[in-house]
Amino acid sequence: MSRIVHALLTALVLGLAHPVMAAPITSNTALPVAKGGFIVREQLLRRSFEDDAGPANRDLEVNGLLSIVGYGVAPRLAVFAALPYLDKTLKVTINGQRTNRSSEGFGDLKLFGRYTLLQRDAKSQTFRLGVFGGVKVPTGDDDKKDRFGRLPIPLQTGTGAWDSFAGIVATYQTSDFQIDAQLSAERNGEANDFEAGNEIRADLSVQYRFLPNTLNADTQSFLYGVLEVTAFNQRKHRIAGMSDPNSGGTTVYLTPGIQYVTRKYILEAALQLPVQQNLHGTALKTDYVFTAGFRVNF
Amino acid sequence: MKRHLVIAWLSMLGGGVAWADDTHYQLHVDGLVCPFCAYSIEKNVGKLDGVIDVQANLKEGLVSVLVADGKTLDEEVVRQTITNAGFTLVGIESHEPAIR
């Protein structure tokens, strides 16, 4: 579960990787940051896991604040750093008693870059194709304890492991709409006798300009309606070298959202809803993911 | 300086009026598709020497640049600036001063 949260945070981070344009809310595009330019993004995240049919009746809630800074090294190369602050609460039934276990703190730092391989601009439209890759540095605490002892891995704010990820992303945008498609993979490392399953993720995002209906010479802002589809697959975790039968699987999300785009900043919010969850064993299912935030171009 | 303040004041009024001897350029930019893009271009072109005002027109894919008297825009410099902002310069036109 912790890895799923990190996967989500990765998606949020990469969604920033093209701050010049509006861009999807939960996925990546190939559009560049201006050379020498900075962007800052703050994202609030609330993720709820429920529907545990087991006797423990687990409910997990994760609240996060993700802070990202991006810098344009060259017209086609941008680098990013992202650090989440996480607040996790697990409600679980132990020996008939409902118990809360929780943790709070900074998570793992993500460092990554994106290079635009292909850029084709025309009047009021653009197509970009890019690749991205990076690492997750285990800066978060992976040894938090409470009165019951060491917290389970999903409740730790860090994973303790070095992970790496890479992908390819394409964007087509006109002044009326934008379409983004992305494919990415993450290879997870091992720490504390735990190795999360590797991940594959595919995203498709459509953003359509609701307002203004027609453009004029001094149009200053857009209001986009956003609809995204995400397919996420994770292999089973390995604990002390053994495959965990209650982990991994495939989830498909449908994500309606909204974006208000001005010249200086972007406000955005989205509700990620699972429409298909084929998880192994008793792996916790996602109830919903809500994200909201802003992006500023410096 | 005083003259620039007057121009800035006129621009704020929305009149888009140029001072007598300033030169007005029109940049044709491909890939200009949203307000966030416009800001990136306006910010970078605005840093060029002699530039007084920059306005991006999303509808037409045009960027209007007002340059102070005695200054000119070098096409290659502008092209590189637009490229650095993440877009493509197609052409550049200069116009006679708006007010005589």
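**Chain B: helices, core and the side facing chain A**

Read along its sequence, chain B runs α-β-α-β-β-α-β. The model is a predicted one.

Reader: Hello! How many helices and strands does chain B have?
Author: Happy to help: chain B has three helices and four strands.

Reader: Why are H2(B) and H3(B) called oblique to each other?
Author: The axes of helix H2 (residues 35-46) of chain B and helix H3 (residues 75-85) of chain B cross at roughly 140°. Over 145 would count as roughly antiparallel, and 65 to 115 as roughly perpendicular. The angle falls in neither range, and the pair is therefore oblique.

Reader: What is the handedness of the crossing, and which residues make the contact?
Author: H2(B) passes H3(B) in a right-handed crossing. On the H2(B) side the contact is made by Ser40(B), Ile41(B), Asn44(B) and Val45(B), and on the H3(B) side by Thr81(B), Ile82(B), Asn84(B) and Ala85(B). Those residues divide into four nonpolar, four polar and no charged.

Reader: What makes Val29(B) and Ile41(B) a contact?
Author: Two residues are in contact if their C-beta atoms, placed from the backbone, lie within 7 Å. Val29(B) touches Ile41(B) in this sense, and among its other partners are Val63(B), Ile82(B), Phe87(B) and Leu89(B), leaving aside residues up to four places away in sequence.

Reader: Which residues have the most contacts inside the largest nonpolar core?
Author: That core has 44 residues, and those with the most contacts inside it are Val29(B), Leu32(B), Cys37(B), Ile41(B), Val63(B) and Val65(B). H2(B) gives the most to this core, with six residues.

Reader: What makes Val29(B) count as buried?
Author: Val29(B) belongs to the nonpolar core, and such a core is a set of buried residues. A buried residue has 20 or more other C-beta atoms within 10 Å of its own, so Val29(B) meets that cut-off. Buried residues make up 38% of the 100 residues in chain B.

Reader: Which element supplies the largest share of the side of chain B that touches chain A?
Author: There, 22 residues of chain B are in contact with 32 residues of chain A. H2 and H3 of chain B each supply at least two residues of that side, and the largest share, seven residues, comes from H2(B). By class, this side of chain B has eleven nonpolar, nine polar and two charged residues.

Terms used
Residues are numbered from 1 along each chain as its sequence is written. Chains are lettered from A and ligands numbered from 1 in the order in which they are written. This is a predicted model: local features need pLDDT of at least 70, side-chain atom pairs count only at pLDDT 80 or more; totals for chains, interfaces and linings use all residues. Axes are lines fitted to C-alpha atoms, for helices over the stretch in contact, and angles run from 0 to 180 degrees between N-to-C directions. Angles under 35 degrees count as roughly parallel, over 145 as roughly antiparallel, 65 to 115 as roughly perpendicular and the rest as oblique. A crossing is left-handed if the near helix is turned anticlockwise from the far one by less than a right angle, and right-handed if clockwise. Ala, Val, Leu, Ile, Met, Phe, Trp, Tyr, Cys and Pro count as nonpolar, Asp, Glu, Lys and Arg as charged, and the others, Gly among them, as polar. A nonpolar core is a set of buried Ala, Val, Leu, Ile, Met, Phe, Trp, Tyr and Cys residues joined through C-beta atoms within 7 Å. A residue is buried if 20 or more other C-beta atoms lie within 10 Å of its own, exposed if 12 or fewer, and partly exposed in between; C-beta atoms are placed from the backbone.
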